[in-house]
Structure formats: C-alpha cells, structure tokens
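Trainee: I should like to understand how terms such as core and cavity are applied to a protein structure. May we work through an example together?

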Amino acid sequence: MAVTQAVDSAGKAPGAQAGGTGGAKPRSVRVVLLALMITMMLAMLDNMIVGTAMPTIVGDLGGLEHLSWVVTSYTLATAASTPIWGKLGDMYGRKGSFITSIVIFLAGSALSGMAQDMGQLIGFRAVQGLGAGGLMVGVMAIIGDLVPPRERGKYQGMMAGVMALAMIGGPLVGGTITDNWGWRWAFYINLPLGAVALGLIGVVLHLPRKRSEARIDYPGAALLTVGITAIVLVTTWGGSQYAWTSARIMELIFLGVAALVGFLFWQTRAPEPILPLHIFRSRNFSLMAAIGFITGFVMFGATLFLPLYQQSVQGASATNSGLLLLPMLGAMLVTSMVSGRITTNTGRYKVFPIAGGVLMIAGLYLLSTMDTGTSRLTSGLFMAVLGLGMGCLMQITMLVAQNSVEMKDMGVASSSATLFRTLGSSFGVAIMGALFNNRVQDVMSERAGDMGSKITEQSAQLDAASLAKLPAEAREAYQYAVSDGSHAAFVLGTVVAVAVLVAALFVKEVPLKGAGPKPEAAPEAV
C-alpha cells in the first residue's frame, strides 16, 4: 500500500513520495487505524447510548423541563468547535490537537458520569461536546496525512462502516449498560475505550511537529461560534419550544446571519483565518460541501422518522431502534466499503456521487409511498435503496473534499466537510420534523376531532406507552396521521435530494493525488 512514513519512527518526516511504501511498517499502520476506528466509535456511539439512558437519568436527577439541553449542549459545542479543531491541527500539528480533543472528551465523559443534578450534567455534556468536535475531524485529517487519496477511499469506507455499526448497536448497548450497570456507565464506558485509543496513538503515531508563527484567529472563532450556535438553536427550538415566527426565533436568525456575515468579512482580512475562503474556489470542494449538507439533511431526517413509522404504524418493538434501521444502515455499510475499494483500485470516483444521488432520490420516493398497509419487508427494501445511495456518498464526499485542497489545508477541509454535514442534519431534523408535526396534527384533527387535537397538542411524536393508552379510534387515527406525516417528510426529502444529483453531475473527476499504477514489487501494507 502506498503510505507515507508518518507512522514509522519518532522524529522522521513523512515520506514525500506518495506511492512507495517508504519505511512504513504495516503493523504500525494497522495499529493507528485501529485507534482511529475506536475514536470514531466513541464519537458516534455517545449520543446513541445516552439517548437510551435519558428516561433513567431524568428519574434519578430530575429536571425534566431541561432534558433537551442534555443533547442540545453537546450538539452546540460539537458543531461550534469542529472548524476550530481542524484549524488547530493545521497550525500546530495533527497529533497534539487530536490527543487534546480525546482528553477533553474523556474528561467531559467522567464529569458527566459524576453529575449530581441536571444543571451539572448539561454543563459537563458541553465539555464533552467540545472534545467531540475534534474526534471525527482528527480521524479524517490523520487518514489524509497518512494515506494518499488513491488508497484513502477504502479506509474512509471503513470509517463509514464504523458509523453505521454504531447507529445500529448504540441503542442496544445503551439499554444493556443502563439496565445492568446504571446510567452513569453510559458515560464511564468511554473511559477505557478512550484510554486504549490514547495509548495506541501516543506510542505508534508519529507526525511531524508544527509551530505556526501566526496567532489563532480569535475574532473569527468567536463570530463563527456565535453564528453556528444561533443556527443550531433555531433548528432545535423552532416549531417545538418556540413558534417559527416567534420573536425569540427571529432574534436568533438575525443574530446568526449577522455573525456569519461578519465572520465571512473578517476571514478576508485575518492573517490566519479559521476557515480560509480560498478552499471554496475549488469547484469540487464547494460541490462536496453542498452534497455533504444534503446527505446529512436526508440521513438524520430518515433515522428520526423511520423508527417512529415502524413503531406506530407497523407495530414494531422499540426495544432497539437501531435494528429497525438495519436494512438502511446495513446497505450503507456495504456500499461504503465497496465504493472505497473500487475507488482505490481504479482511481475513479465520479460515478459514485451520481449513483448515490439517483439511489437516494429513488429510496426517498419509495419511502414516501408507504401507508398503513405497507409490510415490513417492503419498507425494509425501500430503506435498503436509500442506504445504498447514502453509502455511495458518505466517504466519497470527504475523499474528494480532501483531494481538492493542499496538504496545509487538510484539517480545515476535513472540518468543513464535517461541519456542513452536521448543519445539514440539524436543518433536516428541524424542517422535516416541522412538516411531519404539522401534518400529524392536521390529520388527527380531521379524523379524531377535538380529542385528536388534544392528544397531539404537546407533541406529535408519541412513544409506545402513550400510544397504548389511546382509545382504539384515536390509535387508528394516529397511525394514519403518522403515515401521512412520514409521506410529507419523505416527499420533501426527495425534492431536496435532487440537488445531490445536480451537484454530482458538475463534479470534475480530478486524478487522485498519489494515484497511479502500483509498482509490481510493492507489497500490500495493510
């Protein structure tokens, strides 16, 4: 495999020739990749496990009215810190910033496990989120440093597979831990895994140290943090805690837009900008940012409404919501691995965004046709089509984004691609959720009159216990309402996904750096 010497021995610079094995040790490369996979698992598993433990946490700590902030504080801190971690890695070295982010994440996990009230838990979750912002960015940027793009596809495909496995197994692991060890271990479980990752990275990973003479762009970081925070709060609160037209939401929209406009203006003048705007001059990078945003929009919207449809309409058990999504996530896992391998073998990648766009549109359209009579087999096949589409897009967007910038911008490219996907997920959950909720409430009013309106006035998303308590007539009305709401959400997703296909058609297939025929004598390193 063509890898650099970055994993070889301390103090040695990476090999400049992307195409020879140099002095890289296959075993060292494997150990680093294992550590990166563990770290990726930490980043993806956390919210899945904690979400399952939420009812137990409320029962122990109280503070039900502040429950949403346990997730919101983490999400805000993660989104706001993501681009900053990417820039710190570019300026001061990837290894140091990555280890620091892991340590902060583990400190936040330990403190969250020791929280004595809801206020402490919310604050400690924010600390955890600050560290989490650097985990996924660090993983992708380190792969970008170690592996030339021609080889990178299969490894980023493996990371996408880890993401899918975490989404499938997270709720099951969370339920098992909470039932047997208590909710505090939903946080403590991160500590031994993180310690293993830290040990492996500290001993085996050796990247050249950097020391930038430029100062950190504090004004840019502050403006970007305010802008991202306002956007995430709008998508979190809009249509739930506050009406979309309320003064609070309007204030946040104004604040977010003003901060982001100020940020863009400042980035043109900052000596060392947090987000160098010149990376967006690359057509491929800008297109991958857009495709990543839409993929996040669709993916997280689907993972929110599909389990609700399966539980409310098809009568599926809520014991493990991850298993309900197995057809979609399993297809995504397989396609991510296969597309990465094909990209590595052929050096061609444009076909995957195009195929991903077509399959995503087809899958969302098929899901929009589901009604109260759709069987689990049929809905599973529809989910698999969507999963195939997302699998074609998940790792290719990061690969092409990294291939579109210079090595000195690898961190900001990775963090920007991650940030756009995160923001897309926030908008997807908010907009598709608002459409779903409005449709459910309308149908409940039509089919169950005043009783239907009263049932869904607090929330259009009822859990299994609440649904079981409803009269038969109201329960049937709710099933029709959820089916109708899901239809509306997936129709919107179908329309939005068209933009992926349009963007993919304009992607220019630039040769992957370090690509080319492998020397016949070069052994496969991994």
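Mentor: We shall discuss the nonpolar core and the cavities of this predicted model.

Trainee: What makes the set that includes Leu 36, Ile 57 and Met 360 a nonpolar core?

Mentor: A nonpolar core consists of buried residues of certain kinds, Leu, Ile and Met among them, joined through side-chain atoms within 4.5 Å. The largest such set here has 130 residues, and Leu 36, Ile 57, Leu 306, Met 328, Met 360 and Leu 386 have the most contacts inside it. Helix 1 (residues 26-61) gives the largest share of this core, 17 residues.

Trainee: How do you know what Leu 306 touches?

Mentor: Contact requires heavy atoms within 4.5 Å. Leaving aside residues up to four places away in sequence, Leu 306 touches Leu 325, Met 328, Leu 367, Met 370, Met 383 and Phe 490.

Trainee: Why is the space lined by Met 140 and Gln 156, among others, called a cavity?

Mentor: The space is called a cavity because a 1.4 Å probe fits there but cannot get out. The structure holds four cavities of 30 Å³ or more, and the largest has a volume of about 70 Å³. Helix 5 gives the largest share of its lining, four residues.

Trainee: How is the lining of the second largest cavity divided by class?

Mentor: That lining has three nonpolar, five polar and one charged residues. Gly counts as polar and Arg as charged, and the lining includes Gly 86, Gly 89, Gly 134, Gly 138 and Arg 94.

How values were computed. Residues numbered from 1 in each chain as written. Predicted model: local features only at pLDDT ≥ 70, side-chain atom pairs only at ≥ 80, totals over all residues. Heavy atoms only, no water. Buried < 20%, exposed > 50% of the residue type's maximum accessible area, 1.4 Å probe, protein only. Helix = DSSP H or I, 4+ residues; strand = E, 2+ residues; numbered from the N terminus. 1 Å grid on protein atoms, 1.4 Å probe; cavity = no way out; pocket = protein on both sides within 12 Å on 5 of 7 lines; lining within 4 Å. Points joined across faces, edges and corners; volume = space filled by probe spheres on them.
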